[in-house]
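Reader: I have just opened this one and would like some help finding my way around. Could we go through it piece by piece?

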Amino acid sequence: RSLPPIAMTHAEKRSVWYKEGAIAFGTGILYGATNAIVGHPMDTVKAKMQAQAGFIKDSSMLGVCRKVWATEGVRGFFRGVVPPLMGSSVYRSAQFAVFEAVYTRQAELGWDKALIPGTGGLAFATVLASVCSSSARAVIESPIEYAKVKRQTGQTWHVREAYQGFFVQLPRTVGMMCVIFSGVDSLKRWTDGEALKRPQYQFLTWGGMSVLGFAVFWPLETLKNQVQAGTQIEGVDQPT
């Protein structure tokens, strides 16, 4: 059956590819800034648990929270927030802009009709757009994540090391975003677009797929933070 060509980032019919990219870029800026402000305190706790060896004997989430509060107060939870606050708006907006532009252009060329067997109707175009958008995000995001992790773990970052950990950042981001975009696309099609038509449905759809994407590729997130922080592993000064 033919479904209405609803875009990934909004519930309206798709326009031309460059307009879809512009819409996604604008909404992505708001999303990126909100994400950095709201999520940074717990992201700091995560980074310390994953990468700052010996930070605290009680390395549980509550233990790290108590240690940060006791030694640095509220400011400690927002250590390193400047790079992601500025950068998150850029790489998240670029991520959505590239996805919508690439997918819409493929649809204009008729390439979105080729489906991946056994996936319930997932198009090759969706996966290709996901890979392109997440790769663009990884290139922009990696230096920002490196600076953020360094500051979160109480270290100084250096420009010459900006892409330290990129070899883990790339597969982590591509894999995670492919799961998220493919999942949202599938739910959108299986519900005839209802999954993205109401704010509460959008929250549940994007939130659920984001949790799934992070859960699947969480090991790479841990390795990324350890490499970017320069965590010594079994005496190795520069972990690879």
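Reader: Which residues of the largest nonpolar core touch the most other members?
Author: This is a predicted model, and in it the largest nonpolar core has 14 residues, of which Phe99, Tyr103, Met177, Ile180, Phe181, Val184 and Trp206 touch the most other members.

Reader: And which helices supply at least two residues each of this core?
Author: Those are helix 4 (82-108), helix 5 (124-152), helix 6 (166-190) and helix 7 (199-216), with the largest share, five residues, coming from helix 6.

Reader: What does the second core include?
Author: That core is separate and has five residues, and among them are Val45, Val64, Cys65 and Val68.

Reader: Changing topic, where is Glu221, and is this residue buried or exposed?
Author: Glu221 is found in helix 8, which covers residues 218-229, and it counts as buried because its relative accessibility is 2%, under the 20% cut-off.

Reader: Okay, so which side chain does Glu221 join in a polar contact?
Author: The partner is Arg172, with the two side chains joined by a polar contact of 2.8 Å. Leaving out residues up to four places away in sequence, Glu221 touches Lys46, Gln50, Arg172 and Phe214.

Reader: One last thing: what is the phi of Asp192, and where is that residue found?
Author: Phi of Asp192 is near 55 degrees, which is a positive value in a residue other than glycine, and Asp192 is found in the loop between helix 6 and helix 7.

Reader: Why does Asp192 count as partly exposed?
Author: Asp192 counts as partly exposed because its relative accessibility is 34%, and that class lies between the cut-offs of 20% and 50%.

Conventions
Residues are numbered from 1 along each chain as its sequence is written. This is a predicted model: local features need pLDDT of at least 70, side-chain atom pairs count only at pLDDT 80 or more; totals for chains, interfaces and linings use all residues. Side-chain values use heavy atoms; hydrogens and water are left out. A nonpolar core is a set of buried Ala, Val, Leu, Ile, Met, Phe, Trp, Tyr and Cys residues joined through side-chain atoms within 4.5 Å. Buried means under 20% relative accessible area, exposed over 50%, partly exposed in between (1.4 Å probe, protein chains only). Helices (H or I, at least four residues) and strands (E, at least two) are DSSP runs, numbered from the N terminus. A polar contact is a pair of N or O atoms within 3.5 Å; within protein, one must be able to donate a hydrogen and the other to accept it, and residues adjacent in sequence count only if both atoms are side-chain atoms. Contact means heavy atoms within 4.5 Å.
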